[in-house]
Amino acid sequence: MSLKNSLLLTSSLLFAPTMLLAEGAAHANAPNVVVSIKPIHSLVASIMKGVGEPALIVEGAASPHTYSMKPSNAAALEKANIVFWVGHGLEAFLEKPLESLGSGAKIVELDDAPGLEKLKFREGGAFEAHDDGDEHEAGAEGTEAHEEAGHHHDEGEFDLHLWLDPINAKAMAVEIEKTLAAADPANAATYKTNLDALNTRLDALDKKLVETVAPIKDKPFIVFHDAYQYFEHRYHVKVAGSITVSPETLPGAARLKQIHEKIVELGATCVFAEPQFEPKLVNVVFEGTAAKSGTLDPEAATLEAGPDLYFQLMDGIGTSLKTCLSNAS
Ligand SMILES: [Zn+2]
């Protein structure tokens, strides 16, 4: 052994125990995990309980649709052993940073998880799907609606708000657990125990949501952005339209007028805003109608990150729908 190497060895022996103490014994062997958005971060945090805590990119009230990377995010990615994200159609801001990441990190695109039920984007928002026969009326707005929808179509044909269905969350959880166990076999038993506990909780959540929305299932309502397809599909609630297809594209005057007319036609309905976007647009479409207003938070802007967030998010959607729509008639 050369003198230089033995010096390095000595210094690493001297410094290693200090570093272990600083990081805490339980975290010493945990992989560095980075997660793109809060709902997914919550699932990963549940599975990593007792081992470590994943880092989160889209923090606070930010939206994945309009996010831009911060230097601290880039630094976290550079240290990452595993990165979980939903996919190209959702976190566009991550595409380039992930491409330039070294081969050291395992990148898991969760929209590829086996067992997911995936739904295609709806043309022009939720309207067209429920439109019967008044196509001539929508003709003038046709071009605009197409442009708005086109933004999403460029990024893929599937709607990636996959987490708004607890059964899809279960499929993603399996993929998360598999990835963690492969990268960190020493903690595999803990990941498996945590996955089982998460699955039990997700099943209970699913049952609870069926009961929560039962009284309001047939009442159509208007949402801010077209995020709720998976929730609708699982629980048979009725979104009659969205103000915008995606928050990065603001609706034009013609679309706002069309939605205003839809609300007038629906009468006793609810219009749901989202906390991170300007309520002005929502006020514009529902002003002067008999509709009531509520708030839905599909991307958990108001919730604190952690294992419980996913359950608060889904519970919150069910409860907001029930509260507003039961009072709307
Ligand atoms: Zn969204």
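## Exercise 1: A buried histidine and its metal

**Task.** At 1% relative accessibility, does H161 count as buried or exposed, and which protein donors hold the zinc ion?

**Solution.** Keep in mind as you work that this is a predicted model.

Step 1. Start with the accessibility. Buried means under 20% relative accessible area. H161 has 1%, so H161 counts as buried. H65, with 10% relative accessibility, also counts as buried.

Step 2. Now list the donors. The zinc ion is bound by H65 (NE2), H161 (NE2), H225 (NE2) and E299 (OE), at 1.9 to 2.0 Å.

Step 3. Look at the spacing along the chain. The donor residues follow the pattern H-x95-H-x63-H-x73-E. H65 sits in the loop between β2 (55-56) and α3 (71-79), and H161 in the loop between α7 (142-154) and α8 (166-183), so this pair ties together parts that are 96 residues apart in sequence.

Step 4. Finish with the geometry. Four donors count as tetrahedral if all angles lie between 85 and 135 degrees. Here the 4 donor atoms subtend angles of 102 to 114 degrees, so the arrangement is tetrahedral. For comparison, the ideal angle for four tetrahedral donors is 109.5 degrees.

## Exercise 2: Reading the sheet with β5 to β8

**Task.** What is the strand order in the open sheet that contains β5 and β7, and which strands stand at its edges?

**Solution.**

Step 1. The order is β6-β5-β7-β8, a sheet of 4 strands with parallel pairing.

Step 2. β6 (239-244) and β8 (292-295) each have a single partner strand, so they stand at the edges and one side of each is left without a neighbour in the sheet. From one strand to the next, the twist averages 25 degrees.

Step 3. Go through the pairings. β5 (residues 221-225) and β7 (residues 270-273) run parallel and share 2 bridges, with V223 opposite F272 in β7. Next, β7 and β8 are joined by 4 bridges, again in parallel, and V271 stands opposite S293 in β8.

Step 4. Check what covers β7. In a regular strand the side chains alternate between the two faces of the sheet. In β7, C270 and F272 lie on one side and V271 and A273 on the other, and all of them are buried.

## Exercise 3: The other sheet and an enclosed helix

**Task.** Which strands form the open sheet that includes β1 and β3, and how many residues of α2 are buried?

**Solution.**

Step 1. This sheet has 4 strands in the order β2-β1-β3-β4, with parallel pairing. Its edge strands are β2 and β4 (106-109), each pairing on one side only.

Step 2. Inside the sheet, β1 (residues 33-35) and β3 (residues 82-85) pair in the parallel sense over 3 bridges. V34 has V83 in β3 as its bridge partner.

Step 3. Add the helix. α2 packs on the sheet, touching β1, β2 and β3, and its direction makes about 150 degrees with that of β1.

Step 4. Count the buried residues. In α2, 10 of the 10 residues are buried, so this helix is largely enclosed by the rest of the structure. The buried residues pack against β1, β2, β3, α8, α9 and α13.

Step 5. Look at one of those partners. α2 (residues 38-47) and α9 (residues 188-213) pack at about 125 degrees, with axes 7 Å apart. That makes α2 oblique to α9. At the contact, L43, S46 and I47 in α2 meet Y191, N194, L195 and L198 in α9.

## Exercise 4: Loop residues worth a look

**Task.** Where in the chain are H236 and A300, and is each one buried, partly exposed or exposed?

**Solution.**

Step 1. Begin with the backbone. Most residues other than glycine have a negative phi. H236 has a positive phi of about 60 degrees, and A300 has a positive phi of about 65 degrees.

Step 2. Place them. H236 is in the loop between α10 (229-235) and β6, while A300 is in the loop between β8 and α13.

Step 3. Compare with the cut-offs: under 20% is buried, over 50% is exposed, and in between is partly exposed. H236, at 48%, is therefore partly exposed. A300, at 0%, is buried.

Step 4. Visit L303, found in the loop between β8 and α13 (309-327). L303 and G60 are 243 residues apart in sequence but 7.9 Å apart in space, C-alpha to C-alpha. Leaving aside neighbours within four places in sequence, L303 is in contact with K38, D297, L309, Q312 and L313.

Key:
Residues numbered from 1 in each chain as written. Predicted model: local features only at pLDDT ≥ 70, side-chain atom pairs only at ≥ 80, totals over all residues. Heavy atoms only, no water. Donors = N, O, S within 2.8 Å, 3.2 Å for Na, K, Ca; no water. Tetrahedral: all angles 85-135°; square planar, octahedral: opposite > 155°, others 65-115°. Buried < 20%, exposed > 50% of the residue type's maximum accessible area, 1.4 Å probe, protein only. Pairing = 2+ DSSP bridges. Axes fitted to C-alpha atoms, helices over the stretch in contact; angles between N-to-C directions. Parallel < 35°, antiparallel > 145°, perpendicular 65-115°, else oblique. Contact = heavy atoms within 4.5 Å.
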